[in-house]
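Hi,

Here is the structure I said I would pass on to you. Have a look at it first, and then read my notes below.

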Amino acid sequence: MKILTKNRLGLALALCILSGSVLAGTILGSKHDFTGLNERAEVTAMSGLAFADYGNPCVYCHLPPEKEGADSSELGGIPGWNRFTPAVDSAYDLYDSRNLDNKVKTPSPISLLCLSCHDGTLAVDMTVFKPDTWNSSEDASLHLRLNGGDSLMNCGKCHNGIAAHSIEIKHIGTDLQNDHPISMEYAGLNSKDPDFRPVDHAYGFDNGVKIYDNKVECASCHNVHNPDVNLLLRTGAERLCETCHIK
Ligand code: HEC
Ligand code: HEC
Ligand code: HEC
Ligand code: HEC
Ligand code: HEC
């Protein structure tokens with residue numbers, strides 16, 4: 001983990017106190033901290049150029065504090081989040097197989113949140129609400145997408161493996177058929193399926209792996225608030241699968 005500078009640590013602490021959660025501050029200095037990427041990468045190529053720097057790292061996902069309680073879905077947002085529903089919403093090809101018990105067509109809001117950046121169709125700074133403190137007249141950014149394609153719409157323009165590390169592997173796209181299934185009911189509930197472990201409590205497992213309204217989502221396996229585990233996983237890759245799968 002990179003060491004935070006004094007100022008950013010101050011901000012981190014202030015935000016932790018505000019949110020009442022010590023975990024919440026750890027997004028600072030991680031790859032999801034869009035106000036800190038220039039500093040983190042030691043380049044001035046990103047915040048302000050590739051995407052707008054709103055001065056608040058939380059608003060790229062969460063509603064700004066002054067809009068708390070607002071219904072972002074009235075403006076086309078993902079319910080409860082400060083991001084727009086990707087237009088391809090109903091067009092995701094979710095994982096499917098003959099063995100799969102639950103067939104799902106549309107991801108749940110908490111997974112749409114991730115896909116709104118990681119499917120590469122929307123700019124990473126395309127939030128529903130901007131913070132009141134942000135001055136839009138000073139915006140000179142290109143509003144690029146997390147997409148490996150080589151065009152001026154995409155981070156891939158620089159992130160091609162030559163000018164900067166390739167972003168392609170983070171670009172999940174809209175075809176999720178090769179990825180782990182999401183937004184289906186967890187098969188281990190009520191010991192329904194002997195191939196799956198029963199949950200420890202209503203929110204999932206004691207090791208941090210979570211279920212949301214009884215479903216498996218991106219955030220079941222990943223915790224964007226904890227950069228200490230490789231690839232933001234909830235628990236080390238060697239134990240993640242067997243948390244749920246018995247064989
Ligand atoms: C990349 C998207 C993203 C960013 C940026 C982000 N969060 Fe979150 N946040 C999430 C997700 C997803 C959850 C739900 C996680 C869960 O259920 O464990 C969450 C949950 C939370 C929670 C509730 C925690 C709980 O235990 O229920 C708080 C508080 C929070 N975030 C605060 C913040 C603060 C403060 C910042 C900025 C410093 C921030 N978040 C930045 C995605 C984000
Ligand atoms: C606002 C845009 C945005 C949102 C929303 C977002 N991400 Fe990301 N994510 C990024 C960017 C940018 C990176 C870094 C890409 C790179 O390293 O080139 C990243 C990286 C990651 C990584 C790799 C981390 C690493 O250490 O290499 C994972 C895993 C990840 N995101 C999962 C998620 C999950 C799960 C969610 C939803 C809870 C989510 N992301 C929501 C933009 C976003
Ligand atoms: C003008 C070129 C340029 C553009 C455009 C650009 N980046 Fe970067 N980025 C860099 C360079 C150079 C680095 C540092 C070298 C590296 O990590 O490969 C970097 C590093 C990063 C890192 C790594 C930070 C770390 O410490 O691990 C992330 C995450 C990132 N960029 C995200 C993005 C995202 C998301 C976009 C599009 C919204 C973007 N970049 C657009 C040049 C660019
Ligand atoms: C069942 C657990 C699980 C679920 C659900 C899941 N992931 Fe992952 N994810 C992983 C594991 C394990 C890795 C690392 C190994 C790999 O790349 O397959 C990973 C890797 C990633 C990476 C980084 C790729 C790289 O190698 O740098 C991103 C980005 C990512 N996941 C995003 C997502 C998003 C977005 C979703 C929801 C659409 C999601 N994940 C759902 C377990 C999961
Ligand atoms: C949060 C619980 C959970 C975790 C963690 C998890 N899985 Fe799954 N996995 C499921 C569920 C639920 C299904 C869908 C079962 C069904 O509905 O038939 C599934 C389905 C699958 C399938 C598709 C099986 C089929 O019949 O087509 C594969 C492959 C898979 N998981 C591999 C993995 C791997 C590899 C890991 C670790 C990186 C992992 N899973 C982690 C819950 C989980």
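Which atom of ligand 4 has a polar side-chain atom of K170 2.8 Å away? It's an oxygen atom of the ligand. Before you go further, keep in mind that this is a predicted model.

Let's stay with ligand 4 for a moment. There are 15 residues around ligand 4, and the closest are I169, K170, C218, C221 and H222. H222 also makes a polar contact there: one of its polar side-chain atoms sits 2.8 Å from a nitrogen atom of ligand 4. Two elements, α3 and α4, give two or more residues to this shell, and α3 has the largest share with three residues.

Now for the overall layout. The chain has five helices and two strands, and from the N terminus they come in the order α-α-α-β-β-α-α. Of the 247 residues, 40% are buried. If you take the contacts between residues at least 6 apart in sequence, 56% of them join residues at least 24 apart.

Next, the iron sites. Try ligand 5: which residues coordinate its iron atom? They are H180 and H245, each through NE2, at 1.9 to 2.0 Å. The site is octahedral, with angles of 87 to 180 degrees among six donor atoms. H180 is in the loop between α3 and β1 (184-185) while H245 is in the segment after α5, so the two histidines tie together parts that lie 65 residues apart in sequence. H245 itself is partly exposed, because its relative accessible area is 31%, and the cut-offs for that class are 20% and 50%.

The iron atom of ligand 1 has two protein donors as well, H62 (NE2) and H225 (NE2), which lie 2.0 to 2.1 Å from it. Why is this arrangement called octahedral? Because the six donor atoms subtend angles of 86 to 178 degrees around the iron atom of ligand 1. For comparison, the ideal angles for six octahedral donors are 90 or 180 degrees. This pair links distant parts of the chain too: H62 is in the loop between α2 (37-41) and α3, H225 is in the loop between α4 and α5, and they are 163 residues apart. H62 is partly exposed at a relative accessible area of 35%, and H225 is partly exposed at 22%.

Ligand 3 is worth a click too. It is surrounded by 17 residues, the closest being M46, C155, C158, H159 and H165. You can find these polar contacts:

- R40 has a polar side-chain atom 2.7 Å from an oxygen atom of ligand 3.
- H159 has a side-chain N or O atom 2.7 Å from a nitrogen atom of ligand 3.
- H165 uses a backbone N or O atom, 2.6 Å from an oxygen atom of ligand 3.

Last, the nonpolar cores. The largest one has 26 residues, and Y92, L94, L176, I182, Y186 and C244 have the most contacts inside it. At least two residues of this core come from each of α3 (109-118), α4 (218-221) and α5 (237-244), with α3 giving the largest share, four residues. A second, separate core has 16 residues, among them A50, F51, V59 and W134.

To see one core residue up close, zoom in on Y186. Leaving aside residues up to four places away in sequence, Y186 touches F196, R197, V199, F205, I211, N214, K215, V216 and C244.

Have fun with it!

How values were computed. Residues are numbered from 1 along each chain as its sequence is written. Chains are lettered from A and ligands numbered from 1 in the order in which they are written. This is a predicted model: local features need pLDDT of at least 70, side-chain atom pairs count only at pLDDT 80 or more; totals for chains, interfaces and linings use all residues. Side-chain values use heavy atoms; hydrogens and water are left out. A nonpolar core is a set of buried Ala, Val, Leu, Ile, Met, Phe, Trp, Tyr and Cys residues joined through side-chain atoms within 4.5 Å. Buried means under 20% relative accessible area, exposed over 50%, partly exposed in between (1.4 Å probe, protein chains only). Contact means heavy atoms within 4.5 Å. Donors are N, O and S atoms within 2.8 Å of the metal (3.2 Å for Na, K and Ca); water is not among the atoms, so sites may look incomplete. Four donors count as tetrahedral if all angles lie between 85 and 135 degrees; four count as square planar and six as octahedral if opposite donors are over 155 degrees apart and all others between 65 and 115; anything else is irregular. A residue is near a molecule or strand if one of its heavy atoms lies within 4 Å of it. A polar contact is a pair of N or O atoms within 3.5 Å; within protein, one must be able to donate a hydrogen and the other to accept it, and residues adjacent in sequence count only if both atoms are side-chain atoms.
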